[in-house]
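This report describes the fold, the core and selected local features of one protein chain. The sequence and the structure are shown first.

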Amino acid sequence: MALAEKDIKEIEELFEKLGSMTLEEQRAKAPEMLKKLSPEQIEFIKQQQGGGQCPFCGIAKGEIPAKKVYEDSNFIAVLDINPGNPGHVIFLPKEHIAVLPQLSDDLTAKAFVLVKKLSGAVFDATNAQGVNILQNNGAVAGQTVPHLHIHIIPRFDDDKVRIEWDPLKLTEEQFEEMQKRISEKTKDFGKKVYDVSGNLVEEKENKKEEKKPEKKEDAPRIRRRRA
Ligand SMILES: [Zn+2]
């Protein structure tokens, strides 16, 4: 989307003003100043600050060259430029989404069907003996680009790919505590559908469940913090 020159000038002037303020002044005045911008101008700033500089958004838009192996309206798959083995593919949504929990249920379903097919394609094309599907969320987990992506890595005997951890010894109590905490978070799975922002968009009837007395649902929680 192209902005008129005067709209861009307005944005530049606003940032100039903000830049000359102390942090405290910025905090006090920025919201009011941003309110004066049009939705198109806000979108322009977002592109500049976030998506605009993301290499995977660049690949998705065709602005950064990549060895494409699959594309549709929602997703693109390209060869990883730092491959673990020849034929190492990364698969990503075209929309800038940081981590998997932020992807809509609908796109997640589509994504995993495609990843399954891609893993078959990689298997066949490389004569691999195995394939890893690897998906890292957050820098601490090894996510190097903060745009959701899934690795499809063909594997061979004695290759140089290492995916490993030192197994911990947990007590029975520690296992039970984790089981309790995670089960608590999964008990509504299959009954509720959330959109990208974590808003409840659909609540499915589950007829086998006992009927609970009608009561107002709590506001839907965002299920995971942004990484
Ligand atoms: Zn991106």
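## Ala 121 and its helix

Ala 121 is partly exposed because 17 other C-beta atoms lie within 10 Å of its own; a residue counts as buried if 20 or more other C-beta atoms lie within 10 Å, as exposed if 12 or fewer do, and as partly exposed in between, with C-beta atoms placed from the backbone. Ala 121 belongs to helix 5. Between Ala 121 and Gly 87 the C-alpha to C-alpha distance is 9.8 Å, although they are 34 residues apart in sequence.

The model is predicted: local features need pLDDT of at least 70, side-chain atom pairs count only at pLDDT 80 or more, and totals for chains, interfaces and linings use all residues. Residues are numbered from 1 along each chain as its sequence is written.

## Overall architecture

The protein has six helices and seven strands, where helices (H or I, at least four residues) and strands (E, at least two) are DSSP runs numbered from the N terminus. The elements follow one another from the N terminus as α-α-α-α-β-β-β-α-β-β-α-β-β. Of the 227 residues in the protein, 13% are buried. Among the contacts with a separation of 6 or more, 59% join residues 24 or more positions apart; a contact requires C-beta atoms, placed from the backbone, within 7 Å.

## The sheet and helix 5

Five strands form an open sheet in the order 1-2-3-5-4, with antiparallel pairing; two strands pair if DSSP finds at least two bridges between them. Strand 1 (68-71) and strand 4 are the edge strands, each pairing on one side only. From one strand to the next, the twist averages 15 degrees. Three bridges join strand 1 and strand 2 in the antiparallel sense, and Lys 68 has Val 78 in strand 2 as its bridge partner.

Helix 5 lies across strand 1, strand 2, strand 3, strand 4 and strand 5, and runs at about 20 degrees to strand 5. Axes are lines fitted to C-alpha atoms, for helices over the stretch in contact, and angles run from 0 to 180 degrees between N-to-C directions.

## The largest nonpolar core

The largest nonpolar core has 20 residues, and those touching the most other members are Ile 76, Ala 77, Val 89, Ile 90, Phe 91, Leu 92 and Ile 152. Such a core is a set of buried Ala, Val, Leu, Ile, Met, Phe, Trp, Tyr and Cys residues joined through C-beta atoms within 7 Å. At least two residues of this core come from each of helix 4 (55-60), strand 2 (75-79), strand 3 (89-93), helix 5 (105-126) and strand 5 (150-155). Ala 77 touches Val 69, Tyr 70, Val 89, Ile 90, Phe 91 and Leu 118, not counting residues up to four places away in sequence.

## Positive phi and helix 6

Two residues other than glycine with positive phi are set out below.

| Residue | Phi | Loop | C-beta neighbours within 10 Å |
|---|---|---|---|
| Asn 127 | near 55 degrees | between helix 5 and strand 4 (130-134) | 9, exposed |
| Asp 158 | about 60 degrees | between strand 5 and helix 6 (172-186) | 4, exposed |

Helix 6 is hardly covered, as the count of buried residues among its 15 residues is zero. At 1.5 Å a residue, helix 6 should span 21 Å, which agrees with the 21 Å between its end C-alpha atoms; the expected span is 1.5 Å times one less than the number of residues.

Methods: Contact = placed C-beta atoms within 7 Å.
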